[in-house]
Amino acid sequence: MMITKPRGTEDVLPGEVKLWQKIEQTARECCDVFGYKEIRTPVFESTELFNRGVGETTDVVQKEMYTFNDKGGRSITLKPEGTATLVRSYIENSLYANPQPTKLSYIIPCFRYEKPQSGRLREFHQFGVECFGAESPETDAEIISLANTFLNRVGIKGVSLYINSIGCPVCRKEYNEKLKAYFRSHEDKLCETCKARLEKNPMRIIDCKSPICSEIAKSAPKIIDYLCEDCKNHFDKTRSSLDNLGIGYKINPDIVRGLDYYTKTVFEFVSDSLGAQSTVCGGGRYSGLVEELGGKPTEGIGFAAGIERLVLIIKNQGLESENEVTPEVFLAAIGDSAVRAAQKTVYELRLLGMAAEQDLCGRSVKAQMKFANKLGAKYSAVIGDDEIANGKINLKNMKNGETAEVALSADAIYEFIKKAERELE
Ligand code: HAM
């Protein structure tokens with residue numbers, strides 16, 4: 001019986017991979033100009049990192065983690081996100097000893113046991129960045145402008161930026177009391193998970209995925225109305241910083257984000273080309289996470305964009321323009337010595353950096369030429385006994401059918417094709 005891929009996972013097939021490479025390339029180019037250096041971290045971490053980092057009352061930790069004991073009896077979790085891991089690495093590798101801020105970027109697979117639907121997978125990929133050790137509101141604007149630049153350069157349209165501030169432990173004290181009082185008056189209708197969250201972390205109820213809880217949450221008090229002086233100032237300055245950069249946004253007081261570590265600025269980029277899973281990129285500031293995970297008090301801020309969601313938008317907007325590389329030349333061969341000559345010349349062309357192909361399936365000459373056409377080869381030639389004896393081939397331009405006599409050598413074929421390309425430019 002055929003074995004199929006696990007639910008909520010995807011194969012990215014050749015063809016589509018080009019799109020991924022373009023997205024990844026765009027991410028790297030943006031990080032280069034904004035000064036965010038790539039970091040690579042393990043796919044799995046100690047479960048404790050996410051329990052403490054992401055938060056015990058989040059959906060991610062309570063319901064969605066891929067957690068198992070390894071053969072040594074350690075509890076291991078496949079990364080559900082990147083931020084906690086980067087904080088761990090920042091502390092463990094003493095990156096704080098470098099001149100601050102430390103600006104890092106990553107492209108990683110993430111794993112969450114969610115109910116799969118369009119744009120929501122159990123294995124998905126994120127491009128993310130984190131900035132450690134910078135408190136200024138200009139940092140918030142830098143992070144948001146990096147996300148904005150990336151999404152623009154990927155070429156998608158119809159993306160809106162929403163921002164909010166969710167305050168700090170100081171402003172949350174009063175707010176949490178108001179929130180508890182509000183949700184207590186609806187307690188009987190809340191889902192079981194949210195009933196348990198009510199006393200511990202009532203803000204988590206606001207982004208519960210259950211339709212009844214989210215309906216109740218709509219009329220809940222908003223944190224933005226309870227910000228302390230410091231958080232209010234930070235938010236105002238972040239906004240004027242965004243205005244200074246000409247980045248448009250709307251304030252959405254309902255954004256609280258699904259992970260516990262956020263403080264102050266939070267933001268989401270939402271696409272009008274996705275269905276229910278419309279957030280393509282999300283992030284925010286986290287002022288307590290480095291300390292929570294054993295480091296010195298250090299500010300952090302970052303975002304992550306879902307690559308599968310970007311691919312969906314690009315496809316929905318008909319923007320796929322990346323083509324696979326096609327062979328410059330196909331060498332067909334008749335007979336054993338011709339096959340050997342074709343094999344050697346194709347190999348030498350490849351060593352020169354030119355995409356070259358030959359038949360590997362024992363096709364007839366006619367079938368080899370048909371195959372060359374299918375591959376989209378720009379030039380082709382047939383090698384037989386005569387060509388080997390004369391040391392010359394007829395190189396055919398597959399577009400216009402013109403042929404030219406060229407020596408049977410990689411150097412000569414390479415030079416001929418490069419010269420023809422130069423003349424076309
Ligand atoms: P997040 O909002 O949980 O934030 O995820 C970021 C992005 O990953 C989402 O906006 C979405 O595009 C994508 N994503 C999330 N879950 C799935 C899924 N099940 N299937 C497909 N795509 C998904 C974080 O993970 C934070 N670590 C972001 C951050 C970095 N905050 C500060 N620094």
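**Backbone geometry, ligand surroundings and packing in the predicted model**

Ser94 is found in the loop between H4 and E5. In this predicted model, Ser94 has a positive phi of about 50 degrees, although it is not a glycine. Most residues other than glycine have a negative phi, and most peptide bonds are trans. Ser94 is partly exposed, its relative accessible area being 31%. The loop between helix H4 (83-92) and strand E5 (102-111) also holds Pro101. The peptide bond that leads from Gln100 to Pro101 is cis, with omega near 5 degrees.

A positive phi, near 70 degrees, is likewise found at Arg257, a residue other than glycine. Arg257 lies in the loop between strand E8 (250-251) and E9. Arg257 counts as buried because its relative accessibility is 13%, and buried means under 20%.

Arg257 also takes part in the surroundings of the ligand: an N or O atom in its side chain is 2.9 Å from an oxygen atom of the ligand. For Arg112, a polar side-chain atom lies 2.9 Å from a ligand oxygen atom. Gly306 contributes a polar backbone atom, which is 3.1 Å from an oxygen atom of the ligand. In total, 27 residues surround the ligand, and the closest are Glu81, Glu114, Leu121, Glu130 and Tyr262.

The largest nonpolar core comprises 53 residues. Within this core, Val87, Phe132, Phe183 and Leu190 have the most contacts. When residues up to four places away in sequence are not counted, Val87 touches Phe132, Tyr286, Leu289, Val290 and Leu293. A second, separate core has 39 residues, including Ile23, Tyr249, Leu274 and Ile301.

Helix H6 spans residues 169-184 and thus has 16 residues. From its first C-alpha to its last, H6 reaches 21 Å, close to the 22 Å expected at 1.5 Å a residue. A kink of about 30 degrees occurs in H6 and is centred on Tyr175. Tyr175 is also one of the buried residues of this helix. The others are Cys171, Arg172, Asn176, Leu179, Lys180, Tyr182 and Phe183. An α-helix has 3.6 residues a turn, so residues three or four places apart point the same way. The buried residues of H6 pack against four helices, H7 (192-200), H8 (203-206), H9 (211-218) and H10 (229-245), and against strand E9 (263-271). Phe183, buried in H6, is also among the residues with the most contacts inside the largest nonpolar core.

How values were computed
Residues are numbered from 1 along each chain as its sequence is written. This is a predicted model: local features need pLDDT of at least 70, side-chain atom pairs count only at pLDDT 80 or more; totals for chains, interfaces and linings use all residues. Side-chain values use heavy atoms; hydrogens and water are left out. A nonpolar core is a set of buried Ala, Val, Leu, Ile, Met, Phe, Trp, Tyr and Cys residues joined through side-chain atoms within 4.5 Å. Buried means under 20% relative accessible area, exposed over 50%, partly exposed in between (1.4 Å probe, protein chains only). Contact means heavy atoms within 4.5 Å. Helices (H or I, at least four residues) and strands (E, at least two) are DSSP runs, numbered from the N terminus. The expected span of a helix is 1.5 Å times one less than its number of residues. The bend at a residue is the angle between axes fitted to the seven residues ending there and the seven starting there. A residue is near a molecule or strand if one of its heavy atoms lies within 4 Å of it. A polar contact is a pair of N or O atoms within 3.5 Å; within protein, one must be able to donate a hydrogen and the other to accept it, and residues adjacent in sequence count only if both atoms are side-chain atoms.
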